[in-house]
Amino acid sequence: MNQPQEIRMGVSDARANLTEVIARTRLVGERVVLTRRDKPQAVLVSPDFYERALVALGEKPAPEGDAPQG
């Protein structure tokens, strides 16, 4: 199974191409590390990845019928 690609992008570039960046994150599952002066500022992830992260961190219960993966 292919792992989603992680890309780094300057905040200004992301702002100029926000529609495309969101589409790639949502549809392809890319993780986008937003940078300013080559330092990470934030990460844009798909809603599915975010939900799974919340469950893994124990901040949200797993949906019924979903077995924990590990």
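This note goes through the predicted model point by point, from the overall fold to single residues.

1. Basis of the values. The model is predicted, and local features were accepted only at pLDDT of at least 70 and side-chain atom pairs only at pLDDT 80 or more, whereas totals for chains, interfaces and linings use all residues. Residues are numbered from 1 along each chain as its sequence is written, and side-chain values use heavy atoms, with hydrogens and water left out.

2. Secondary structure. The protein chain holds three helices and three strands, where helices (H or I, at least four residues) and strands (E, at least two) are DSSP runs numbered from the N terminus. Their order along the sequence is β-α-α-β-β-α. The elements named in the points below include strand 1, residues 6-10, helix 2, residues 18-28, and strands 2 and 3, residues 31-36 and 39-44.

3. Burial and surface. Of the 70 residues in the protein chain, 20% are buried; here buried means under 20% relative accessible area, exposed means over 50%, and partly exposed lies in between, with a 1.4 Å probe and protein chains only. The protein chain exposes about 5,900 Å², and carbon and sulfur atoms supply 52% of that area. Accessible areas come from the Shrake-Rupley method with a 1.4 Å probe, and for residues only the protein chains shown count as cover.

4. Contacts along the sequence. If one takes the contacts in the protein chain with a separation of 6 or more, 39% of them join residues 24 or more positions apart, a contact being defined by heavy atoms within 4.5 Å. A separate C-alpha distance concerns Gly10 and Leu34, which are 24 residues apart along the chain and whose C-alpha atoms are separated by 5.5 Å. Gly10 belongs to strand 1 and counts as partly exposed because its relative accessible area is 22%.

5. Salt bridges. The whole structure contains four salt bridges, each being a side-chain nitrogen of Lys or Arg within 4 Å of a carboxyl oxygen of Asp or Glu. As general background, side chains of opposite charge can pair when their charged atoms come close. One of the four joins Lys60 to Glu51, with an N to O distance of 2.1 Å, a value that a reader may wish to look at in the model. Lys60 is partly exposed because its relative accessible area is 35%, and Glu51 is also partly exposed, at 31% relative accessibility.

6. The network around Arg24. Salt bridges link Glu20, Arg24 and Glu30 in a network. Within it, Arg24 meets Glu20 at 3.6 Å, N to O, and both of these residues lie in helix 2, four residues apart, about one turn of the helix. The salt bridge between Arg24 and Glu30 has its closest N and O atoms 2.9 Å apart. The accessibilities of the three residues can be set side by side: Glu20 is partly exposed with a relative accessible area of 47%, Arg24 is partly exposed at 32%, and Glu30 is buried because its relative accessible area is 6%.

7. Other surroundings of Arg24. When neighbours within four places in sequence are left aside, Arg24 is in contact with Ile7, Gly29 and Glu30. The C-alpha atom of Arg24 is separated by 9.7 Å from that of Val45, which is 21 residues away along the chain.

8. The loop between strands 2 and 3. Two residues of this loop deserve a check of the backbone. Arg37, found in the loop between strand 2 and strand 3, has a positive phi of about 55° although it is not a glycine. Asp38 lies in that loop as well, and its phi is near 65°, again a positive value in a residue other than glycine. Arg37 counts as exposed because its relative accessibility is 78%, and Asp38 is exposed with a relative accessible area of 69%.

9. Surface charge. Arg15, Arg36, Arg37 and Lys39 gather in a patch of positive charge on the surface. Patches are made of residues with over 30% relative accessible area and no salt bridge, with like charges joined within 9 Å and nonpolar side chains (Val, Leu, Ile, Met, Phe, Trp, Tyr) within 5 Å. Lys and Arg count as positive and Asp and Glu as negative, while His and the chain ends are not counted; the place of a charge is taken as NZ of Lys, CZ of Arg, CG of Asp or CD of Glu. Lys39, one of the patch members, lies in strand 3 and is exposed at 57% relative accessibility.
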